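Hi,

Here is the structure I promised to pass on. Have a look at it first, and my notes on what turned up follow below.

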Amino acid sequence: MSSSVVVVGGGLAGLSAAARLAYHGYQVTLLEKAPKLGGRAISIPMKGFNFNFGAHAIYARDKSILRKFEKEIKLEVDWRDFSPSKAFYDMGTFTTPMPATLEGLYKTKVLDAENKVRFAAEILKTLTSIERGEEGVLIGDYLKKQPEQIRELLLTVASSNFFTNEPENIPSPLFFAYYKRLFSTQRAVAYIGGGWQAIVESFSSIIEKNGGTIVTKAKIDRIDVEDNKIKTIYGKEQSYEADAFIFCIPPKELGKLFAETKHASLFTSYSQYQPTQVVVYDIGLSERIASPYTYIYHKGERVFITDISHYDKTCIPEGGQLMQAVAYLNEEEIQAGKADEKVAIIESVYDKHLAGWRDVLVAKRLSKKATVQEIKSIHDQQLMPVQFYSLKDTYFAGDWCHGEGQLSELSFTSAYEVTNRIMKHENN
């Protein structure tokens, strides 16, 4: 195998695509404009704590594409399974178990007895594809036929899985396709020991062990396209040619890169779509504060807090505790500058469930507008194809591209599809 591939972008999509191709014998060069790999999936050391830039939860673990990477290219993943029995909803005046398991469904107070039966039936109908949604109908409208308790619970679940403050605007077919996959898993949520940094290092190691080249501080600012194929891409000091190119950079950056080519219009609409943005407020504590919860979702304010250190002791100094809080933002709240209000709300949730946290606070990381997905799955916003017909031997991957799941799963699955296409093309 002697085909050469240049991968532009060293986030999760770029790393996983480059690692898989290098493992299978391709000459791979990975280019990342930043000094550090990982893109938005990075871990930041601070005062003995390792803060992840955003949540590193993996949904539907046993169906995750990462399991394929584990088996196929020897990716190392230290899975830390979420404990559903320790997950609760804060309903304002009371807390109640999240109905994530049969036991949780039995104990939860968010549904009365009659609606617990109905909710179980809805799960069954989703699993058997009896319930699939309807094209052109948003899930908020589609669920209007449901009892209020069922509708509210399904939208609450969607809010936390899609990281959105407007779950009612998710297209109904996407909603049911996602939950068919999630409801059928044995391990709905898992964390990664060592955080994002562990995944980044594992992919990087596979690339380099298999002869691949990783170049950081390598920003691409110009491309030459000839006969609907990329001939050369240019960085500040070096140019690159290859048999195939994979671009794992967001639509706005792609739009700028292809602006002087006849293909510029391909990226216009995707560059204008809204991203999924949240407020992330992580705190590192010098000692653990006792709590019956490892995850609690404040329904009224759409804020959740997770005890990351309960699952991953590598992120804390001995005896410490690391909590992560996320508050969802919609476009109106962003435009109105509501991030500061979200910070105050998060602190009030910490006060309520982690009494005394301010007294043992050692370090914190606050991001008032963190992007967790480049294209939000609402309304008519469409994810970008992994390949355009008019650009031969050019591919795209990332959480803004077609794939399965949401968030990081889109990065991994779109990268896997791209590498499938390259390897299939090579074998034809």
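On disulfides: there are zero of them in this structure. Keep in mind that this is a predicted model. Take Cys248, for instance: the nearest cysteine sulfur belongs to Cys401 and sits 7.7 Å away. A disulfide needs the two sulfur atoms within 2.5 Å, so Cys248 is in no disulfide. Cys248 is also buried, at a relative accessible area of 7%. Cys315 is another buried cysteine, with a value of 2%.

Next, the nonpolar cores. The largest one has 71 residues, and Phe203, Ile233, Ile246 and Phe247 have the most contacts inside it. Which helix gives this core its largest share? That is H1 (residues 12-23), which supplies eight residues. There is also a second, separate core of 48 residues, with Leu154, Phe163, Leu322 and Val372 among its members.

If you want to look around one of those well-connected residues, try Phe203. Leaving out residues up to four places away in sequence, Phe203 touches Leu15, Ser16 and Ala19, then Leu66, Phe69, Ile73 and Leu75, and finally Phe412.

Two loop residues have backbone angles you may want to check on screen. Asn228 has a phi near 60 degrees, which is positive even though the residue is not a glycine. You will find Asn228 in the loop that links strand E11 (222-226) to strand E12 (229-234). Leu407 also has a positive phi, about 55 degrees, and is not a glycine either. Leu407 belongs to the loop between strand E20 (394-396) and helix H14 (408-427). As for exposure, Asn228 counts as partly exposed at 22% relative accessibility, whereas Leu407 counts as buried at 11%.

Now a sheet. Three strands form an open sheet in the order E5-E9-E6, and the pairing is antiparallel. Which strands stand at the edges? They are E5 (58-59) and E6 (79-81); each has a single partner strand, so one side of each has no neighbour in the sheet. E6 pairs with E9 (residues 189-192) in the antiparallel sense over three bridges. If you want a place to look, Arg80 has Tyr191 of E9 as its bridge partner.

There is a helix crossing to look at as well. Helix H4 (residues 113-127) and helix H7 (residues 172-183) have axes that come within 8 Å and cross at roughly 100 degrees. The two helices are therefore roughly perpendicular to each other. On the H4 side, the contact is made by Ile123, Thr126 and Leu127. H7 brings Phe176, Tyr179, Lys180 and Phe183 to that contact.

One last residue: Lys342, in helix H13 (residues 339-353). Is this lysine buried or exposed? Lys342 counts as buried, because its relative accessibility is 6% and the cut-off for buried is under 20%. What is Lys342 in contact with, leaving aside neighbours within four places in sequence? The list has two glutamates, Glu301 and Glu333, along with Asn165, Val279, Ala327, Tyr328 and Leu329.

That's what I have for now. Shout if you want to go through any of it together.

Cheers

Technical notes
Residues numbered from 1 in each chain as written. Predicted model: local features only at pLDDT ≥ 70, side-chain atom pairs only at ≥ 80, totals over all residues. Heavy atoms only, no water. Buried < 20%, exposed > 50% of the residue type's maximum accessible area, 1.4 Å probe, protein only. Core = buried A, V, L, I, M, F, W, Y, C linked by side-chain atoms within 4.5 Å. Helix = DSSP H or I, 4+ residues; strand = E, 2+ residues; numbered from the N terminus. Contact = heavy atoms within 4.5 Å. Pairing = 2+ DSSP bridges. Axes fitted to C-alpha atoms, helices over the stretch in contact; angles between N-to-C directions. Parallel < 35°, antiparallel > 145°, perpendicular 65-115°, else oblique.
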